[in-house]
Structure formats: C-alpha cells, structure tokens
Amino acid sequence: MSPWLTVVGIGEDGFKGLGKNARRALLGASRIVGGQRQLDLLPVCIRGERQLWPSPFSLEPVLARRGEPVCVLASGDPMLFGVGASLARQVAQEEMHVLPSPSSYSLAAARLGWPLQEVVTLSVVARPVAALSAQLFSGVRLLVLSNDGLSPSAIAALLRERGFGPSRLSVLEHLGGEAERRTDGTANDWSDPAIADLNLVAIECLAEPDTLRLSRLAGLPDSAFQHDGQLTKRDVRAITLARLAPVPGELLWDVGAGSGSIGIEWMRAHPSCRALAIEADPGRQQLIEHNRDALGVPGLHLIRGSAPQVLDGLEAPDAIFIGGGVTRPGVLDTCWARLKPGGRLVANAVTLQSETTLMAWRERHGGELTRIHVAQALPLGDFDTWRQALPITLLDLVKPL
C-alpha cells in the first residue's frame with residue numbers, strides 16, 4: 001500500500017519553513033489533524049479540512065480515515081517524544097511518510113553550542129518532573145522539553161531540593177520563531193519569570209559540595225532511602241540486583257517491597273526498565289512513594305496488598321524478587337507459576353524458617369543457594385572490631401524455557 005498518511009513536523013517559522021515535499025503533502029491532503037497552534041501556522045491556501053485532536057487525546061480521527069490523503073501536524077521532529085511515534089505503533093511503515101523539521105533539542109543545542117550527542121534529552125510533557133532526579137549528576141547537561149510555562153520553576157525547585165541548586169538554567173522559548181527568547185539563571189536564584197508555554201529548559205548540572213553522590217549502578221547508600229528498618233542493605237542489595245540482572249524493557253515484581261529499594265534500583269538501571277512494588281503495610285507504602293520520587297523513578301507502580309492474593313491479574317514478569325513472605329503459603333508457588341519462561345527468581349531469607357523453605361524449594365526446582373555474610377568495622381572502646389550483620393541466604397534460579 002502506498003502511503004496515505006503524512007506526518008509533517010512544523011517549526012515556529014510555520015509553512016514558509018517547510019520543504020517542498022511537506023508543502024505538497026499539505027496542499028494535497030483532504031484532512032489535516034493537529035493542535036490549534038500547529039493548525040494556526042497554515043496559510044489559507046491549504047484547503048484540506050482542519051481537525052483538532054480530541055480531548056482526551058486519541059488517534060481515532062486519523063485511524064478512521066485510513067486510505068484517504070491525511071496529514072498530521074506535529075512540532076519539530078514527530079518521532080522524538082511526538083505523535084509520530086504513537087502513530088507508528090498503529091500504522092504500518094509502508095502506509096506512513098514522516099517529514100521531520102529540526103527538533104527543539106537540535107535548535108537548543110545549536111543556540112548553546114552543545115554537542116547533541118553529549119547531552120541527555122528528556123521530556124516532562126505530561127510526565128512527572130520527579131523523573132529528572134535519576135539524571136542529576138555534576139557535569140551532565142540536560143535538555144528538557146517543558147509541559148508548560150510553569151515547568152521551568154518546577155524544575156528549578158526540584159534541583160534545589162535534590163542538592164543541585166548551583167546548576168545553570170537556560171530557558172529557550174519559541175525556538176526558531178520570531179518570538180524566540182532566552183532566559184538564564186541558576187536554580188538557586190531562579191525568580192520565576194513569566195515563561196511562554198512553548199519552551200525548553202537547558203540544564204548544566206552542578207551539585208552542592210555535600211550532596212550525596214548517587215551512582216546508576218546497583219548498591220546505593222542506605223541513607224538514600226527513607227525506611228523503617230525493612231530495607232535490603234546496600235551490599236546485599238547490590239548482590240541481589242546482580243542476580244536479578246536488569247535488562248532494558250523488562251518487568252520486575254518486587255514482592256514484599258518494604259521501602260522499595262530493589263524495584264527502584266532495578267528501574268534506575270535503564271529508563272525502560274519497569275517494576276511493580278507489592279507491599280501490604282500502609283506505612284511502607286508511603287515510604288515507597290517517597291523513595292521512588294526522590295530517586296527519579298516515579299513510574300514504579302505500587303500494588304497495595306498481600307501476596308499471593310494481589311498477584312492475580314498482574315502482567316507476567318521477567319524477574320521476581322521476594323524480599324519478604326517466602327514462608328507465606330502460596331507465595332513462592334504463585335510467583336513461580338506467573339514468572340515468564342527464562343525469567344529469574346531471587347529470594348532472600350534471614351530466619352531459619354525462611355531459609356528452610358528456600359532449601360526445600362531448591363530440592364524441587366533447582367537453582368543456587370548463596371550465604372552472604374557482611375561485617376563492618378565499628379568502634380569498641382578505643383579500638384575497632386568487626387560487627388557481623390545477620391547472614392542472608394539467597395536463592396537464585398531461572399525458569400526453564
């Protein structure tokens with residue numbers, strides 16, 4: 001099938017900034033779908049019927065016209081956090097033609113003199129600002145698409161809260177248009193100036209001297225989490241996550257999540273990693289909600305309730321961690337049954353009873369048992385001595401294909 005749908009990226013310079021192919025597609029379209037701002041950029045010579053996206057947003061106005069010459073207008077590059085990516089999941093490649101314009105990221109990098117391949121590109125358009133927390137490292141440059149004119153102030157507040165107040169901000173409005181404007185400052189002295197809804201925030205990250213350094217590798221300091229003592233400690237957590245082996249796009253069940261540390265670090269491993277935190281205690285549920293935002297993974301999905309009952313109907317996982325409840329009837333059996341073939345199951349035990357359960361499970365299903373002993377040097381009078389933490393028994397196995 002020849003393409004019936006053309007997705008046209010249009011910049012602030014409007015119709016005059018489009019190439020020949022984009023202009024021809026718009027002139028020949030029977031229907032043009034877009035936001036009000038994009039539609040207003042078209043001249044009167046464009047005769048196709050103009051249609052706004054519905055609210056709530058839906059692709060139906062486009063998909064219902066399959067086979068007709070339809071154009072969709074998008075800002076800049078439609079395949080970069082744009083509607084083109086959504087349409088590509090519904091429309092076959094041979095049916096769709098995409099004609100991008102320079103993205104806001106490209107224009108911002110050109111204005112700032114930043115090599116784009118060295119910059120982290122992000123968006124808070126209909127996304128929580130808290131997700132930026134996972135990208136905050138001194139020396140890193142971020143380009144962030146704003147949701148609206150309030151986004152720069154929200155971003156500056158987040159930077160101050162996370163100990164990155166000295167970071168330098170440049171807000172670029174209406175990039176590529178006659179109303180283009182740039183506002184510079186630091187997060188610490190950001191004065192909440194009036195900003196247009198169409199803007200991008202450029203950030204040169206700089207931490208306060210005493211800000212806690214948080215790596216993307218497994219094993220964050222215990223102090224990075226708020227907890228009530230139910231926390232998989234740093235060294236054991238690093239070993240556990242190495243066995244879980246996060247892979248981009250995979251889903252983890254963190255059963256008996258406590259403070260959420262395993263699921264949070266799983267998601268910090270890669271932006272596309274997903275996790276469900278299953279926790280029955282209301283106080284710990286609040287800790288999970290705090291920790292996931294503070295550590296930049298607001299997409300961690302909290303499941304309120306006790307396993308195995310609340311596991312029914314959840315998406316099948318690629319990996320499961322059981323940090324608590326291995327002795328509860330049905331937990332191990334249900335988790336094993338729901339785990340995808342080839343998936344990893346890791347369970348930790350502290351008590352004799354839970355260790356016995358894991359040993360019996362290994363007799364039936366195989367896997368590896370590992371005993372983890374961690375000791376820290378702590379003061380004893382005028383000297384130091386080793387203080388042994390409770391040993392952890394770890395079961396690690398892969399479900400047969």
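Guide: Buried means under 20% relative accessible area, exposed means over 50%, and partly exposed is in between (1.4 Å probe, protein chains only). This is a predicted model, where local features need pLDDT of at least 70, side-chain atom pairs count only at pLDDT 80 or more, and totals for chains, interfaces and linings use all residues. Residues are numbered from 1 along each chain as its sequence is written, and side-chain values use heavy atoms, with hydrogens and water left out.

Visitor: Why is Arg237 called buried?
Guide: Its relative accessible area is 0%, and the cut-off for buried is under 20%, so Arg237 is buried.

Visitor: What makes Asp222 and Arg237 a salt bridge?
Guide: A salt bridge needs a side-chain nitrogen of Lys or Arg within 4 Å of a carboxyl oxygen of Asp or Glu. Here the closest N and O atoms are 2.7 Å apart, so the pair fits the rule.

Visitor: And how do you know that Asp222 is partly exposed?
Guide: Asp222 has 23% relative accessibility, which falls between 20% and 50%, so it counts as partly exposed.

Visitor: Why is Glu161 called exposed?
Guide: Its relative accessibility is 58%, and exposed means over 50%, so the word fits Glu161. Glu161 also meets Arg162 in a salt bridge, at 3.1 Å from N to O.

Visitor: What makes Arg111 and Glu180 a salt bridge?
Guide: Their closest N and O atoms are 2.7 Å apart, so they pass the 4 Å limit. Arg111 is partly exposed at 36%, and Glu180 is partly exposed at 30%.

Visitor: How many salt bridges does this rule give?
Guide: The count comes to 20.
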